[in-house]
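Here are a few exercises to work through with the model open beside you. Take each task first, then follow the solution step by step.

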Amino acid sequence: MHIVMLSDAETQGGAAIAASRLAVSLREAGLKVTRIVNQPDGHTHEWETVPLRPSRPVRALRRVLPGGAWERVRTTLSESRLRRLFAQLRPDVINVHNLHGGAWAGWSPELIRVCAEHAPVAWTLHDMWSFTGRCAYSYDSRKFITGCDATCANPHEYPALAPERIAGAWEQRRQLFAELPNLVAITPSRWLVEQARAGLWAGHQVEVISNGLSLETYRPHDRAAAREALGIWAAGPCILIAAHGLDDHRKGVALLLEALPQLHHRPLTLLTMGGGETPFQAEGVHHHALGYLSDEQAKVLAYSAADLLVHPALADNQPLVVMEAIACGTPVVAFPIGGLPEMVRPGETGWLAAEVSPSALADALSVALRDLASGANLRSRCRSFAEQEYRVEQQAQCYLALFESLMEPRQIAVRQESR
């Protein structure tokens, strides 16, 4: 079976990392995997990589063409090139991941229509973008159900879109779903299934398959040894916050900054893992910045060095940092939003705040620190939970079963035509 995966980035960012882990596991299961990406990383992988981005001469047209004309040119070229690639690759199933990071290169939801011309399509949803006018997360807005428009509260948040274009973008998606009834979605959380089915995915097949990771790589290490390896001097309990970009508003770092002074537990060490400048300052809190870590072994040491991970995101689906921490035996404090309640189980894998606010986060952290000081040890429970829920081999088998079910109608049709 030949699986072609389409995604904006190859290995950069949570969605791309999740797609990469799946690709490796599908290869280990015996499948041929080709990845068409807008942002290749230049490295050799277990899969074949095919870039899909404008050439230099085409990009040069941007300087001479009006904005609208340039958009039409780059979009048309992306769609034409994708058709040629599919004709050459002859995929059995096309597995789509994030597209919105390729908008600059003419990537749009219309690429799904091109995919559907060549093979059954399973679209893995890492966020809400596929069924909103532009946003990855709608927060409290429910307009994606009836129609997003120019009144969007966050039009300039990534992935940004001019307010006057949002209604048209939502309508484009509505027509796409109406014309492609066999389009299938996969989401890693039950929460995202509910959002998708409430919106434009209503009437379509939507499956829940959790993301997976290597439990051989992500496993608990001795805490003292991990701290020594990373050069961490910990004053008191050690709290870790991890994000690709710590300065991303959605990650909720600002709420943690407000919550820290409300904690009475001192001394305290705050570990930060990720890019972006953030001024962590609170009396009695020692800050140790690890920076952005791409090496998986270093990340495992960071998770193992912490007593707990705090994930104060304002909106999220199934964050990889939470999965990775739990697999390393590190419990989590988070808000009760998105897919987090499916991951953070009180008394098993961590603590949930009562609501999204600095004071509620401070209360949850205080309870967690008090429990840890009293001898609570959730490490083995976290690990058991990860072994039950996050095995990448299990994820690959679920994907394979779905792919086979999508291929069956086409195989039957081919057999009938050959008679």
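**Exercise 1. Find how many aromatic pairs there are, then describe the one formed by Phe177 and Trp201.**

Solution. Start with the rule: rings of Phe, Tyr and Trp (its six-membered ring) pair if their centres lie within 6.5 Å, and planes under 30 degrees apart count as stacked, over 60 as edge-to-face and the rest as tilted. The count by this rule is 6 aromatic pairs. For Phe177 and Trp201, the centres are 4.5 Å apart with 70° between the planes, which is edge-to-face. Next, place the two residues: Phe177 is in helix H6 (residues 163–179), and Trp201 is in the loop between helix H7 (190–198) and strand S7 (205–208). The pair thus links distant parts of the chain, 24 residues apart. Helices (H or I, at least four residues) and strands (E, at least two) are DSSP runs, numbered from the N terminus. Both Phe177 and Trp201 are buried, where buried means under 20% relative accessible area, exposed over 50%, and partly exposed in between (1.4 Å probe, protein chains only). Finally, Trp123 joins Phe177 and Trp201 in one aromatic cluster.

A word on the source: this is a predicted model, in which local features need pLDDT of at least 70, side-chain atom pairs count only at pLDDT 80 or more, and totals for chains, interfaces and linings use all residues. Residues are numbered from 1 along each chain as its sequence is written, and side-chain values use heavy atoms, with hydrogens and water left out.

**Exercise 2. Which rings lie under the charged end of Arg35 and under Arg173?**

Solution. A charge sits over a ring if NZ of Lys or CZ of Arg is within 6 Å of the ring centre and within 35 degrees of the ring normal. For Arg35, the ring is that of Trp47, with its centre 4.8 Å away. For Arg173, look to the face of Trp129, at 4.4 Å from the ring centre.

**Exercise 3. Locate the cis peptide bonds at Pro159 and Pro267.**

Solution. Most peptide bonds are trans. The bond from Tyr158 to Pro159 is cis, with omega near -5°, and Pro159 is in the loop between helix H5 (143–146) and H6. Arg266 and Pro267 are also joined by a cis bond, with omega about 0°; Pro267 is in the loop between helix H9 (253–259) and strand S9 (268–275).

**Exercise 4. Is Arg90 buried or exposed?**

Solution. Arg90 is in the loop between helix H3 (67–89) and strand S4 (93–96). Its phi is positive, near 50°. With 66% relative accessibility, Arg90 counts as exposed.
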